[in-house]
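This briefing introduces a structure to a reader who has not met it before. It covers how the chains relate, where they touch, one sheet and one domain contact.

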Protein chains: 2
Amino acid sequence: MFEYTLHATDGKARAGTFITPHGAIETPVFMPVGTHSTVKTLTFDQVRQTQAQIVLGNAYHLYLRPGHEMVERAGGLHGWTGWEKPILTDSGGFQVFSLTRLRKITEEGVNFRDPITGQSHFINPEKSMAIQNALGADIIMAFDECPPYPATHEYAKNSMEMTHRWLERCFNAHARKHDQALFPIVQGSTYEDLRFESAAFARQFDAHGFAIGGVSVGESKEWVYKVVEFTAPLLPENKPRYLMGIGTPEDLLDGINLGIDMFDCVNPTRVARHGSFFKMMGRRNIKNAEFENDFGPLDEGCDCYTCNHHHVAYVRHLIKIKEATGATLLSIHNVRFLIRLVEDARKAILAGNFETFYNLHRPRFINPSKEVKPVG
Amino acid sequence: MFEYTLHATDGKARAGTFITPHGAIETPVFMPVGTHSTVKTLTFDQVRQTQAQIVLGNAYHLYLRPGHEMVERAGGLHGWTGWEKPILTDSGGFQVFSLTRLRKITEEGVNFRDPITGQSHFINPEKSMAIQNALGADIIMAFDECPPYPATHEYAKNSMEMTHRWLERCFNAHARKHDQALFPIVQGSTYEDLRFESAAFARQFDAHGFAIGGVSVGESKEWVYKVVEFTAPLLPENKPRYLMGIGTPEDLLDGINLGIDMFDCVNPTRVARHGSFFKMMGRRNIKNAEFENDFGPLDEGCDCYTCNHHHVAYVRHLIKIKEATGATLLSIHNVRFLIRLVEDARKAILAGNFETFYNLHRPRFINPSKEVKPVG
């Protein structure tokens with residue numbers, strides 16, 4: 001039920017199609033994040049209008065609330081949310097490891113406390129698979145340890161080796177291999193030898209796709225892309241490559257340029273709630289005085305609902321007075337912007353002029369460091 | 001540009017059509033409130049999907065933020081919001097008088113402080129007309145004094161008489177009589193003699209419609225409908241009658257039953273944000289345990305987006321974890337519910353069986369007193 005076809009490469013950039021049980025995904029692809037079973041401030045109708053091909057859910061959050069058994073009773077995430085296209089769930093690893101003071105990691109798994117209720121929970125590879133099997137996403141992720149940055153070589157190596165043992169346990173426990181693709185996650189922090197070792201280990205599994213994890217956890221953007229640069233070529237050419245948790249405009253351009261096929265990030269909806277929005281000429285904040293009397297669209301040429309129906313001054317007013325609809329309108333625009341940017345990148349790859357495309361668009365986005373924090 | 005046609009009456013209930021510059025409105029009609037130039041938590045596309053025929057804006061709020069000059073520069077409220085159907089603005093009177101400790105009323109007008117910035121402002125009938133002319137709604141309201149409840153007969157009479165003098169000033173100042181219908185507001189508190197006097201005064205004006213104001217300001221529901229019962233028949237039969245600020249399901253049924261044609265209320269979106277939703281069998285709160293495993297729609301037979309796409313358990317989850325999308329989904333349902341209730345009432349009037357309709361639906365809604373507070 002899964003098949004990846006690589007249609008064209010242009011430099012390291014790749015254009016492909018990944019077929020899943022709920023439909024084909026044209027890659028490269030940006031995947032909006034529906035953390036708690038909704039993309040924040042949007043209805044799924046609005047998500048559909050952004051032409052999203054796949055959305056994410058977080059196993060950790062869904063396990064705690066409403067519980068994976070509840071989602072399963074509703075027919076899995078597709079029945080629960082009403083979203084009929086592909087879904088990917090992460091394993092919960094990243095969120096659990098972010099609970100620095102509330103969790104304890106052992107070889108067996110992770111004990112942690114729900115930060116809201118204080119209740120104790122235990123997740124290990126087998127439990128993560130049971131949760132993700134119940135949630136029923138098309139693509140599910142291995143339960144890994146995500147080491148912080150900076151990590152010593154020794155810590156990173158030990159952590160990676162445990163992640164590898166957990167990866168075997170995940171594949172052994174995964175009960176829906178026929179309709180859920182389990183992606184291994186390559187770890188190894190910023191160490192090239194470890195990333196090499198981790199990619200080699202992951203490649204042993206007959207997986208439908210591979211992910212690069214443990215990036216954007218505090219290291220500089222330069223480090224993120226050094227890691228991607230030496231890790232991406234270590235992954236199978238005939239399988240999609242997913243760079244986890246990354247998704248500003250510049251991230252997408254850089255990632256595609258280095259051979260990444262799949263991206264996710266809460267960035268477009270999170271920054272929207274604070275008034276930031278994307279233009280082809282760069283990132284802006286709508287609260288700036290320059291937009292007070294701007295009766296044009298957020299971005300010339302954008303085909304999103306917001307740009308088709310509203311001018312900047314109106315959206316700015318809603319954001320300034322903290323009306324929820326303002327966050328919705330900017331989120332629609334930002335998500336559609338990223339999806340269109342990636343669609344355009346794909347067209348450029350297929351046309352063989354990605355380098356020109358990259359050189360035109362990349363300099364317009366300078367990433368403010370506050371926007372690259374790890375997200376959960 | 002304005003014309004009201006009364007198609008049928010059934011008891012006191014009326015079915016008509018009111019033509020305005022931005023389209024025809026079939027009455028009775030429920031008008032969702034877009035206080036700050038948006039219906040809370042909804043986009044206008046979502047408002048359109050509820051089949052709303054007209055929305056409200058608040059002159060007071062729009063005057064303060066973003067300012068009526070800004071709205072005028074955008075082409076009035078239609079250009080500002082992108083909503084292409086009829087709009088009604090209230091005069092600001094109700095909101096100003098609600099600022100009990102921040103305002104001072106004289107014959108000339110009202111001095112008040114912006115509760116957010118502390119800045120001083122002055123609104124009088126002429127200023128209210130200038131603001132509403134700039135906002136450019138199809139229907140605009142007279143600037144009146146809305147006395148509190150309880151009010152002595154003397155206070156109510158003096159207040160009413162000033163409202164009458166202000167009404168003359170409004171008609172004299174109104175600069176867009178050709179494309180904006182100015183509705184007088186009948187006051188007089190709970191006193192039948194004063195309501196009679198006020199209706200007689202208002203009828204002197206060649207207005208396209210008439211409103212009943214000063215209800216639901218603290219008095220019991222019984223008093224609201226006593227006032228409506230003796231005031232509605234005093235208004236011209238060949239003009240629409242608007243009962244201001246009223247709009248729970250039972251209010252709509254009772255108001256229609258007493259010959260009211262137009263209603264507005266923030267109730268459906270406000271209660272949605274707290275988890276309340278309407279069913280044909282009555283009002284419910286989605287947080288109740290009974291809905292935890294309810295995989296049916298919010299209301300059987302409802303044709304709203306939410307009922308078509310989502311089950312109760314999912315919406316309940318979003319409301320419980322305070323996801324903004326939950327409030328959006330419930331607001332869509334509640335607004336559509338009221339609009340459909342009024343559509344069905346209109347069909348019953350045209351079919352001559354409104355009494356049966358009323359007797360079937362009215363007992364299902366018992367109004368919790370917390371839901372009848374005055375709103376602004």
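To compare copies of a chain, they are superposed by least squares on the C-alpha atoms of residues with pLDDT of at least 70 in both. The model is a predicted one. On that footing, a turn of 180 degrees and a shift of 0.0 Å along the axis lay chain B on chain A with an RMSD of 0.0 Å. The two copies are therefore related as by a two-fold rotation axis.

**Symmetry and the contact between the chains**

- Among the residues of chain B, the one that comes closest to the rotation axis is Ala324(B), whose C-alpha is at 3.7 Å.
- Contact between the chains involves 31 residues of chain B and 31 residues of chain A.
- On the side of chain B that touches chain A, at least two residues each come from helix H1 (44-49), helix H4 (76-81), helix H12 (305-309), helix H13 (312-320) and helix H14 (324-351) of chain B.
- By class, that side of chain B has 14 nonpolar, 13 polar and four charged residues.
- The copies meet through the same surface, because 100% of the interface residues of chain B are also interface residues in chain A.

**A sheet in chain B**

- Three strands of chain B form an open sheet in the order S1-S2-S3, and their pairing is antiparallel.
- Strand S1 (3-10) and strand S3 (23-27) of chain B are at the edges with a single partner strand each, so one side of each has no neighbour in the sheet.
- Direction ignored, neighbouring strands in this sheet are turned by 10 degrees against each other on average.
- S1(B) and strand S2 (residues 13-20) of chain B run antiparallel and are joined by seven bridges.
- Within the sheet, Tyr4(B) is placed opposite Phe18(B), which belongs to S2(B).

**Two domains in chain A**

- Chain A is divided by the domain assignment into domain 1 (28-265) and domain 2 (275-355).
- The centres of these two domains of chain A, taken over C-alpha atoms, are separated by 28 Å.
- Domain 1 of chain A brings 17 residues to the contact, and domain 2 of chain A brings 16 residues.
- Strand S4 (29-32), helix H1 (44-49) and helix H10 (249-257) of chain A each supply at least two residues of the domain 1 side that touches domain 2.
- H10(A) gives the most to that side of domain 1, with four residues.
- The same side of domain 1 of chain A divides into ten nonpolar, six polar and one charged residues.

Methods
Residues are numbered from 1 along each chain as its sequence is written. Chains are lettered from A and ligands numbered from 1 in the order in which they are written. This is a predicted model: local features need pLDDT of at least 70, side-chain atom pairs count only at pLDDT 80 or more; totals for chains, interfaces and linings use all residues. Two residues are in contact if their C-beta atoms, placed from the backbone, lie within 7 Å. Ala, Val, Leu, Ile, Met, Phe, Trp, Tyr, Cys and Pro count as nonpolar, Asp, Glu, Lys and Arg as charged, and the others, Gly among them, as polar. Two strands pair if DSSP finds at least two bridges between them. Axes are lines fitted to C-alpha atoms, for helices over the stretch in contact, and angles run from 0 to 180 degrees between N-to-C directions. Domain bounds come from an automatic or database domain assignment.
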